[in-house]
Every structure is written in structure tokens, then in C-alpha cells.
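Here is a quick tour of one model, written for someone who likes to see the contacts behind the picture. Have the viewer open as you read.

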Amino acid sequence: MTPVDHERAAADLLEAEATGTQIGLLSLRHPEMTMDDAYAIQNALYRAKLAQGRRVVGWKIGLTSKAMQAALGIDIPIAGFCLTTWLSRMAQPFHRAGLFSRVSRRRSRSS
């Protein structure tokens, strides 16, 4: 993927979020996509959301078990950012189900 592809994918994801519509899997649109491409798209989303005035309050990791990594065909955990707008949405389904499997590290106020 090219930097233009990364920006386009990020824009498509932002539009899908804004309109509540689904888009196809980016990996089907770009079968050559790598983890580096996925993180480049995430970085483009990060920049766009900060430009919209959103604030990052922490980071999260996922796919830390080898079994889940193998199921998805990757060999490393993944990491992402948490925004203030996501905190309540992330917690609701887990509180309802009585599950608390998401752990996020809050950034210090100095960072």
C-alpha cells in the first residue's frame, strides 16, 4: 500500500464511523496489506481524530495470547489508542455482560 492508500483507508473508516455504515474489509480491498500498513492507517486515523479535537486518554493492547494470534494469522500483539469519546462505548457491553476483559493504560497528565 502507498501513503495515499493509507490516507484513503483512514478517510473511508472515518466516513463509516460518521455515517454508521459498513465498509468492506480493507484487507480484501488491499490483499497485499501488511501490519506496517495497518499501523500506517491507524496513524492516519490518529492524526485525523486529533485534528477533529478528540483527545487520546490511553493506549490498549490486544491479541496477547498465542492462540488468538494464530487464529488471526499474526505473530505479535496489536496496540491502539483510546479516545475520550470511546471510553463509555467500550465499557457498556462489558459491564452488561459482567466481563471486564479490556484493560487500558491511562496516560499521565504530563504526556
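What follows goes through the core, one helix, an aromatic group and the salt bridges. Keep in mind that this is a predicted model.

Let's start inside. The largest nonpolar core has 10 residues: A9, A10, L14, L26, I41, A44, L45, V56, F81 and L83. Three elements each put at least two residues into this core, namely α1 (3-19), α3 (35-51) and β2 (78-83). If you want one residue to click on, try A9, which touches both L26 and I41 once residues up to four places away in sequence are set aside.

Now for α1 itself. How far apart are its end C-alpha atoms? They sit 24 Å apart, and that agrees with the 24 Å that the 17 residues of α1 should span at 1.5 Å a residue. The buried residues of this helix are H6, A9, A10, D12, L14 and A16. Their cover includes α2 (26-29) and α3. Right after α1 comes G20, with a positive phi near 75 degrees.

Next, the rings. Searching the whole structure turns up 3 aromatic pairs. In one of them, the ring centres of Y46 and F81 are 5.3 Å apart and the planes meet at 70 degrees, so this pair is edge-to-face. The cut-off for that label is a plane angle over 60 degrees. Y46 belongs to helix α3 and F81 to strand β2, so the pair ties together parts that are 35 residues apart in sequence. Are the two partners buried or exposed? Y46 is partly exposed at 23% relative accessible area, while F81 counts as buried at 5% relative accessibility. Add W59 and you have the full cluster: Y46, W59 and F81 form one aromatic group. F81 is also a member of the nonpolar core described above.

On to the charges. The whole structure holds 5 salt bridges. Among them are these, listed with the N to O distance:

| Salt bridge | N to O distance |
|---|---|
| R47 and E7 | 2.7 Å |
| D12 and R29 | 2.5 Å |
| K49 and E17 | 2.6 Å |

Take R47 and E7, which form a salt bridge. The pair links distant parts of the chain, with R47 in helix α3 and E7 in helix α1, 40 residues apart. Both ends are partly exposed: R47 has 45% relative accessibility, and E7 has 41%.

K49 and E17 also meet in a salt bridge. Here K49 is in helix α3 and E17 in helix α1, so the pair ties together parts that are 32 residues apart in sequence. K49 counts as buried, at 3% relative accessibility. Its partner E17 is partly exposed, with a relative accessible area of 33%.

That leaves D12 and R29, another salt bridge. D12 lies in helix α1 and R29 in helix α2, so the pair ties together parts that are 17 residues apart in sequence. Why does D12 count as buried? Its relative accessible area is 15%, and buried means under 20%. R29, in turn, is partly exposed at 38% relative accessibility. This bridge does not stand alone, as salt bridges with shared partners join R8, D12 and R29 into one network.

Technical notes:
Residues numbered from 1 in each chain as written. Predicted model: local features only at pLDDT ≥ 70, side-chain atom pairs only at ≥ 80, totals over all residues. Heavy atoms only, no water. Core = buried A, V, L, I, M, F, W, Y, C linked by side-chain atoms within 4.5 Å. Buried < 20%, exposed > 50% of the residue type's maximum accessible area, 1.4 Å probe, protein only. Helix = DSSP H or I, 4+ residues; strand = E, 2+ residues; numbered from the N terminus. Contact = heavy atoms within 4.5 Å. Expected span 1.5 Å × (residues − 1). Phe/Tyr/Trp six-rings, centres within 6.5 Å; stacked < 30°, edge-to-face > 60°. Salt bridge = Lys/Arg side-chain N within 4 Å of Asp/Glu carboxyl O.
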